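Hi everyone, thanks for coming. Please bring up the sequence and the structure on your screens, and we'll walk through them together.

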Amino acid sequence: MTCNCKFGMPTLIEEDNIEDNAILCNELGLDFVELNMNLPYCMPKNNSPEDLMKLKEKYNVEFTLHFPEEIDFGCFYDEIREANIRLFEYIAMWASEFGAKKINIHLNSGIYFTLPHKKMFVYEKNNELFIDKLKDSLNKIIAIAEPLGIKVCVENMQVHKFVEEAFLELCDVSGVNFTWDVGHDAMAGYKIKNIYLNHPYKVSHMHLHDYNGVSDHQVLFNGHVPIKERIKFAQENNLSVLIETKTVKALKESVKRLRECSIL
């Protein structure tokens, strides 16, 4: 099963700079590094576009971006959302200067109240307002990203009923793309899978890792995720695939197993 998709790796907390990740990416025969914007060594102030272009050429790698995880585009405070949109514009403008084509963002489930018998999410209680604010933010950041040649890819995280409803609503929003995080999906009982299968044209990116019943981000083929089935979907829909294991050792083992299956 040879796959013609582009495969990449995340920036690793074990490393101290982008170049070390680019070296590893090249050594493993992968195509791109996803810059994690939570890491100080990935921040724009620490990396000129010119230096990143040199790394691309030297190591034959591309870059995608993983937006800071804590940023919430569904926040009810317009002042906070506006600041988040300005941050997106700043990062997207920088990313465009070294040719990044995708920015991955999270759909956050927000704050919850702990009741005696359950957790009640504020976004669940106010779902219509949450979806309205989220759509407004996404329309604004897409208007920033599209002229720069960048796709905005919304990743599934925790999946509750109101999150499922939000993803369904986003299927009709022009310019929204999805990141299918297959490990998170497995951990949530595959609640998001059918949305993606029914709207494959909206899925542009994949985070590939395994889930063993206890935790995700496991080495590929060490858990319950149907890895070959997910890669087949990626191939059929021309997705970029991030092997989202979190250590050098786990990444190398996952790449080795993909090669043994003739996928890489």
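**A walk from pocket to core**

Let me begin with the lining of the largest pocket: its residues divide into five nonpolar, seven polar and six charged. Before I go on, please keep in mind that this is a predicted model.

How many residues line this pocket? There are 18, and those nearest the centre are Lys6, Thr64, Lys101, Lys102 and Ser240. The space inside is about 340 Å³. Two elements give two or more residues to this lining, namely S3 and strand S9, residues 203-208. Of these, S3 provides the largest share, with three residues.

Let's stop at one of the central residues, Ser240. You'll find Ser240 in strand S10, which covers residues 240-243. Is Ser240 buried or exposed? Its relative accessibility is 9%, so Ser240 counts as buried; the cut-off for buried is under 20%. Setting aside neighbours within four places in sequence, Ser240 is in contact with Lys6, Phe32, Lys102, Ser204, His205 and Met206. Lys6 and Lys102 may sound familiar, as both are among the residues nearest the centre of the pocket.

Just before S10 comes another residue to look at. Asn238 sits in the loop between H9 and S10, and Asn238 is exposed, with a relative accessible area of 64%. Asn238 is not a glycine, yet its phi is positive, near 60°. His217 is another non-glycine residue with a positive phi, about 60°, and His217 lies in the loop between S9 and helix H9, residues 227-236.

Now to the helices, and a general point first. An α-helix has 3.6 residues a turn, so residues three or four places apart point the same way. Keep that in mind as we look at two examples.

In helix H1, the buried residues are Ile18, Asn21, Ala22, Leu24 and Cys25. Down the axis of H1, these buried residues fall within an arc of 165°, so they line one face of the helix. What covers them? The cover includes strand S1 (6-10), strand S2 (32-36), H2, S3 and helix H10 (248-260).

H2 is our second example, running over residues 49-59, and here Pro49, Leu52, Leu55, Lys56 and Tyr59 are buried. Their arc around the axis is only 115°, which puts them on the same side of H2. Which residues sit on the face turned away from that buried side? That face carries the exposed residues Lys54, Glu57 and Lys58. The buried residues of H2 are covered by elements including helix H1 (18-27), strand S3 (62-66) and helix H3 (78-96). Just after H2, Asn60 takes a positive phi of about 55°.

Let's go inside. In soluble globular proteins, nonpolar side chains tend to be buried together. In this model, the largest nonpolar core has 85 residues, and Leu35, Leu65, Phe88 and Leu138 have the most contacts inside it. Which helix gives the largest share of this core? That is helix H5, residues 127-145, with eight residues.

Leu138 is a good one to click on. Not counting residues up to four places away in sequence, Leu138 touches Ile105, Val152, Val154, Leu170 and Val176. Now look at Ser137, which is also in helix H5. Ser137 has 0% relative accessibility and therefore counts as buried. Beyond its neighbours within four places in sequence, Ser137 is in contact with Phe73, Arg81 and Ile85. Ser137 and Glu82 are 55 residues apart in sequence, but their C-alpha atoms are 8.2 Å apart in space.

My last stop is an enclosed space. Rolling a probe the size of a water molecule over the atoms shows where empty space is left. Here the count comes to one cavity of 30 Å³ or more, and the largest cavity holds about 60 Å³ of space. Residues lining the largest cavity include Phe73, Ile105, Leu138, Val154 and Leu170. Strand S4 (102-106) and H5 are the elements that give two or more residues to this lining, and H5 has the largest share, three residues. By class, the cavity lining has eight nonpolar, three polar and one charged residues.

So Leu138 turns up twice: among the residues with the most contacts in the core, and again in the lining of the largest cavity. Thanks for listening, and I'm happy to take questions!

Key: Residues numbered from 1 in each chain as written. Predicted model: local features only at pLDDT ≥ 70, side-chain atom pairs only at ≥ 80, totals over all residues. Heavy atoms only, no water. Core = buried A, V, L, I, M, F, W, Y, C linked by side-chain atoms within 4.5 Å. Buried < 20%, exposed > 50% of the residue type's maximum accessible area, 1.4 Å probe, protein only. Helix = DSSP H or I, 4+ residues; strand = E, 2+ residues; numbered from the N terminus. Contact = heavy atoms within 4.5 Å. Arc of directions from axis to C-beta. 1 Å grid on protein atoms, 1.4 Å probe; cavity = no way out; pocket = protein on both sides within 12 Å on 5 of 7 lines; lining within 4 Å. Points joined across faces, edges and corners; volume = space filled by probe spheres on them. Nonpolar A, V, L, I, M, F, W, Y, C, P; charged D, E, K, R; others polar.
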